[in-house]
Amino acid sequence: MKELFSLARRAETWRLLWLWLAEAQKELGLPISDEAIDQLRSHITMTKHDFEVAELEEKRRRHDVMAHVHAFGEAAPEAAGIIHWGATSCYVTDNADLVFLRDALNILLPKLAVVVQKLTDFARTYKDLPCLGYTHGQPAQLVTVGKRACLWIQDLLIDLRNLERARDDLRFRGVKGTTGTQASFLHMFKGDYAKVEELDAIVTKKAGFDSAFVISSQTYTRKIDVDVGQALASFGATCQRIGGDIRHLAMFKELEEPFEKDQIGSSAMAYKRNPMRSERTCSLGRQLCNLARNNVDTFAAQWLERSLDDSAVRRSTLPEMFLTADALMILLDNICSGLVVYPAVIKRRINDELPFMATENFIMAMVDKGYSRQEAHEHIRVLSHEAADQVKNHGEDNDLIQRVANDPFFEPILDDLPRLLDPTTFIGAAPQQVEKFTGPDGEVQLALQNYQTQIASHKAAQLHV
C-alpha cells in the first residue's frame, strides 16, 4: 500500500497515462512517430535525475503536472512536443487517482477476506461454548463464544460487500479535456466525434477499466471519493466495535488478544496484560472514520466545473485513508490469528449469574409438578433478593441454588436442578446458527468464494511495534 501511494508510483502512472494517450492518438491517425512512442515506453520508470528535473521545474513553474511534462520530455525528446497533447492536468491527476482507488481496494479486499476466514475458524471452534451475553452492559441470556464472533463476522461481510461495490462502481474519467466537453480533442480530430469517443475508449481500456464517465467536469465527480470513503469509514467503525468487544472481554478475563512471551504491558505495573492491539485498532478505526469526512466536505465545496481547493486535501486524505485501512487489516489479522479463550473463567462467570437466569426454569418445573405458578414465583422472588443481598452487600458468592435446595417448597424438583442449571440448555440455537452461517453454502463461504487462493496462501500478519 505504501508503494502504491508513493511519489514514484504517482509519477510513473502519469507517464503511463501520457504514453496511453499518445499510443491511442497515433492509432487513430495523428502524426506521432514510432520513435516518440518508443522513447516514452522506455522512460516510464522514474530515475533520480527525473525527480531532480521535475523538482527544479516545479519550483520554477509552481505547477506539478507541467514540471513532469518537462521532465518526461527531457527523457524522451522525440516525444516532447506531443506529451499531454489536448489534455488538461486532471487527465493525469484524476485518472491516476482512480487507478489508485481501484488498486488500493484490490489490496484491501483479500486481506479482509482472510480476517473473515480466521474469525470463521474461531467461531466454529467455539460455537458450542456457552458464555454470558450482555445487553445494556449487564449480564443477559447466554450466547456462545462462537455466536458472538459471528456478530463481528457479519459486520465484516457487510464491509466486504461495501468495498467490493465501491471498487466495482468505479469508472475512468477518461479523455475529457479542460471542462469535460472534449473540445480540444474534437478540434484535434477535425470535428470527428466518433474518433473522440474511440480515443476515450482506447485509453480507458489501456487503464484497465470497463467504462468511463460520459459526464465529467474538469475532474471526475468527487462523489466517488465520498462513496469510497464512506465504505472505508464503515469498516473503521467495525474495527472500533470489534476492538471494543475484545477489550471488554479482556477486562472480564474471558478472552484475550495475543500476548507474547516477552511482551510488556506496563512500564510500572509489571503484571498487566494491556490489550494494546485492540486499543490501537479502536484508535485507528476512529481515525479512518474521521478522515472520510474530508471527502464529504470537499465534494460539497466544489464550484461549478472545478475549484482547486480540493487538491491539497485529497493528496493527503486519500493515501491516509487507505494506509490506515491497511494498518487495520494487519492488526485484525494478527489479533484473529491468536485469540485466547479462558473457558474456566467463562464458566465461573456463568455460575455467578446463572442461578438468577434459571429461576424461570424453576418456576416452570414446579408448575409441571402441579404447583401454583404464583406461589412458586413468590418463593423465588424472596430467595433471589436474599441471595442478591449476600452478593452486593456482603461480597459473598451467589448462593441462590443452595437456598432453593434448602427450601422445602422446592423439594419436588431437587433432582431436576442439575438439568435445569445446565448452561447448554440456555444458549438456544446458537450452535446451529453458527453452523448455518459459516458452513458449506452459508453466507460466509459464499462471500469468500472469490478469495480462496489468497486465503490458502496467507501467513499470519506480524506486528513490529
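Which residues line the second largest cavity? I started my notebook with that one, and I kept in mind throughout that this is a predicted model.

**Entry 1: the second largest cavity**

I found Ala 250, Glu 256, Glu 257, Phe 259, Arg 273, Asn 274 and Pro 275 around the second largest cavity. By class, I noted three nonpolar residues, one polar and three charged. The space inside comes to about 40 Å³. I also looked up how many cavities reach 30 Å³ or more, and the count is two.

**Entry 2: the largest cavity**

Next I went to the largest cavity, which holds about 70 Å³ of space. Its lining is made up of Phe 122, Cys 131, Val 145, Arg 148, Ala 149, Trp 152, Leu 249, Glu 254, Leu 255, Val 341 and Ile 346. Which helix gives the largest share of this lining? I wrote down α6, residues 145-168, with four residues. Sorting the lining by class gave me nine nonpolar and two charged residues, with no polar ones.

**Entry 3: the largest pocket**

I moved on to the pockets. The largest pocket has about 720 Å³ of space. I listed the residues closest to its centre, out of 32 in the lining: Arg 10, Trp 14, Asp 64, Thr 93 and Arg 315. The elements that each give two or more residues to this lining are α1 (7-27), α3 (48-61), α4 (64-75), α5 and α11. Helix α5 gives the most, with seven residues. My tally by class for this pocket is 14 nonpolar, seven polar and eleven charged residues.

**Entry 4: the second largest pocket**

How many residues line the second largest pocket? I got 15, and those nearest the centre are Gly 133, Tyr 134, Arg 148, Arg 241 and Asp 245. I recognised Arg 148 from Entry 2, where it is part of the lining of the largest cavity. This pocket has a volume of about 340 Å³. Two strands, β1 (130-135) and β2 (138-144), supply at least two lining residues each, and so do helices α6 and α9. I noted α9 as giving the most, with five residues. By class, the lining divides into six nonpolar, five polar and four charged residues.

**Entry 5: the largest nonpolar core**

Then I turned to the packed side chains. I jotted down a general point first: in soluble globular proteins, nonpolar side chains tend to be buried together. Here, the largest nonpolar core has 125 residues, and Phe 235 and Phe 322 touch the most other members. Helix α5 (residues 89-125) provides the largest share of this core, with 19 residues. I followed up Phe 322 and left out residues up to four places away in sequence. What remained in touch with Phe 322 was Met 1, Phe 5, Leu 101, Ala 104, Leu 105, Leu 108, Val 228 and Leu 232.

**Entry 6: helix α10**

My last stop was helix α10, which runs over residues 276-300 and has 25 residues. I checked its reach from first C-alpha to last: 37 Å, close to the 36 Å expected at 1.5 Å a residue. Which residues of α10 are buried? I wrote down Arg 277, Ser 278, Thr 281, Cys 282, Gly 285, Leu 288, Leu 291, Ala 292, Asn 295 and Thr 298. Among what covers these buried residues, I found α9 (223-252) and α11 (311-336). I had met both helices before: α9 in the lining of the second largest pocket, and α11 in that of the largest pocket.

Notes
Residues are numbered from 1 along each chain as its sequence is written. This is a predicted model: local features need pLDDT of at least 70, side-chain atom pairs count only at pLDDT 80 or more; totals for chains, interfaces and linings use all residues. Side-chain values use heavy atoms; hydrogens and water are left out. On a 1 Å grid over the protein atoms alone, a cavity is a set of points where a 1.4 Å probe fits but cannot get out, and a pocket is an open set with protein on both sides within 12 Å along at least five of seven lines; lining residues have an atom within 4 Å of a point. Grid points are joined across faces, edges and corners, and a volume is the space filled by probe spheres set on the points. Ala, Val, Leu, Ile, Met, Phe, Trp, Tyr, Cys and Pro count as nonpolar, Asp, Glu, Lys and Arg as charged, and the others, Gly among them, as polar. The expected span of a helix is 1.5 Å times one less than its number of residues. Buried means under 20% relative accessible area, exposed over 50%, partly exposed in between (1.4 Å probe, protein chains only). Contact means heavy atoms within 4.5 Å. A nonpolar core is a set of buried Ala, Val, Leu, Ile, Met, Phe, Trp, Tyr and Cys residues joined through side-chain atoms within 4.5 Å.
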